[in-house]
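Trainee: I'd like to learn how to read a protein model feature by feature. Could you walk me through one?

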Amino acid sequence: MKEKTLSIIKPDAVAKGAIGQIIDCFTENGLKIAALKMIHMSQREAEGFYAVHKERPFFGSLTEFMISGPAVVMVLCGENAIKKNRELMGATNPAEAAEGTLRKRFATDIEKNAVHGSDAPETARTEISYFFPELEIVNA
Ligand code: CMP
C-alpha cells in the first residue's frame with residue numbers, strides 16, 4: 001500500500017553533516033521525497049510536535065535538543081513507507097539499533113537519535129500536516 005510518512009533529520013545529524021547520506025539512504029531504498037524543508041523550530045513548535053510525550057521525564061531536554069539547531073523535515077512516500085522508514089532508522093536507542101541503520105550510523109544517544117519517523121498512519125497524517133500544508137506536498 002502506498003503511504004506517506006513524516007521524517008525529521010534532527011539537529012544532531014544536521015550538525016554532523018549527514019543530511020545527504022540520510023536522504024541517499026531513503027531514496028536508495030525506494031522512498032521518494034514528496035516534500036522537504038529545513039527549519040529551526042521554536043520552543044512552541046517543538047513542544048507542540050512532541051505533545052504526546054509532555055508527561056515524560058525527558059520532555060524538557062528533548063524539546064531543548066530539538067530547538068538547538070536546524071532540522072530537515074520531509075514527507076517520504078512509497079510502498080509501506082511508514083514501516084520501511086522505521087526499519088531504515090533502526091531502534092530508538094542507537095545502542096540497540098541494528099548495524100547499518102541510520103541511528104546506528106548517525107545517532108549520539110537515545111535522545112539525540114538523528115532521525116524521527118511517524119509510527120502509524122494516523123500519526124503520519126497528524127505529523128505531516130503539522131509541518132506541511134497540502135500545497136507543499138507533491139505527488140511523488
Ligand atoms: P522520536 O522517534 O523522535 O520520538 C520521541 C523521541 O523522544 C525519541 O525519538 C527520542 O529523541 C526521545 N526519547 C525517547 N526515549 C527517550 C529517553 N528514554 N530519554 C531521552 N529521550 C528519549
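Mentor: Happy to; we will go from the whole chain down to one helix and one residue. Keep in mind that this is a predicted model.

Trainee: Which pattern do helices and strands follow along the sequence of the protein chain?

Mentor: Start by listing the elements, then read their order. The protein chain has seven helices and four strands. Read along the sequence, they run β-α-α-β-α-α-β-α-α-β-α.

Trainee: What does the radius of gyration say about the protein chain?

Mentor: Compare the value with what a compact globule would give. For 140 residues that expectation is near 14 Å, and the protein chain has 14 Å, so the two agree. The C-alpha trace spans about 35 × 35 × 25 Å along its principal axes.

Trainee: How many of the contacts join residues at least 24 apart?

Mentor: Here you look at how far apart in sequence the partners lie. Among contacts between residues at least 6 apart, 78% join residues at least 24 apart. As for burial, 46% of the 140 residues count as buried.

Trainee: And the surface: what share of the exposed area do carbon and sulfur atoms supply?

Mentor: They supply 53% of about 7,400 Å². For charge, count both signs and then compare their centres. There are 17 positive and 19 negative side chains, and the centres of the two sets lie 3 Å apart.

Trainee: Now a single helix. Which residues of helix H7 are buried?

Mentor: List the buried residues, then ask where they sit around the axis. In H7, residues 121–131, the buried ones are Ala124, Glu127, Ile128 and Phe131. They cover an arc of only 100 degrees around the axis, which means that they lie on the same side of H7. The face turned away from that buried side carries the exposed residues Glu122, Arg125 and Ser129.

Trainee: What covers the buried residues of H7?

Mentor: The cover includes strands S1 (2–9), S2 (32–39), S3 (71–79) and S4 (115–117), together with helices H3 (43–49) and H5 (81–89).

Trainee: Let's zoom in on leucine 6. Is leucine 6 buried or exposed?

Mentor: Leucine 6, found in strand S1, has 0% relative accessibility and therefore counts as buried; the cut-off for buried is under 20%.

Trainee: Which residues is leucine 6 in contact with, leaving aside its neighbours within four places in sequence?

Mentor: Among them are Glu127, Ile128 and Phe131, which are also buried residues of H7. Other partners include Phe49, Met74, Asn85 and His116. Leucine 6 and alanine 124 are 118 residues apart along the chain, yet their C-alpha atoms are separated by 5.9 Å.

Conventions:
Residues numbered from 1 in each chain as written. Predicted model: local features only at pLDDT ≥ 70, side-chain atom pairs only at ≥ 80, totals over all residues. Heavy atoms only, no water. Helix = DSSP H or I, 4+ residues; strand = E, 2+ residues; numbered from the N terminus. Rg over C-alpha atoms; globule rule 2.2 N^0.38 Å. Buried < 20%, exposed > 50% of the residue type's maximum accessible area, 1.4 Å probe, protein only. Contact = heavy atoms within 4.5 Å. Areas by Shrake-Rupley, 256 points an atom, 1.4 Å probe, with all protein chains shown as cover. Lys, Arg positive; Asp, Glu negative; His and termini not counted. Charge placed at Lys NZ, Arg CZ, Asp CG, Glu CD. Arc of directions from axis to C-beta.
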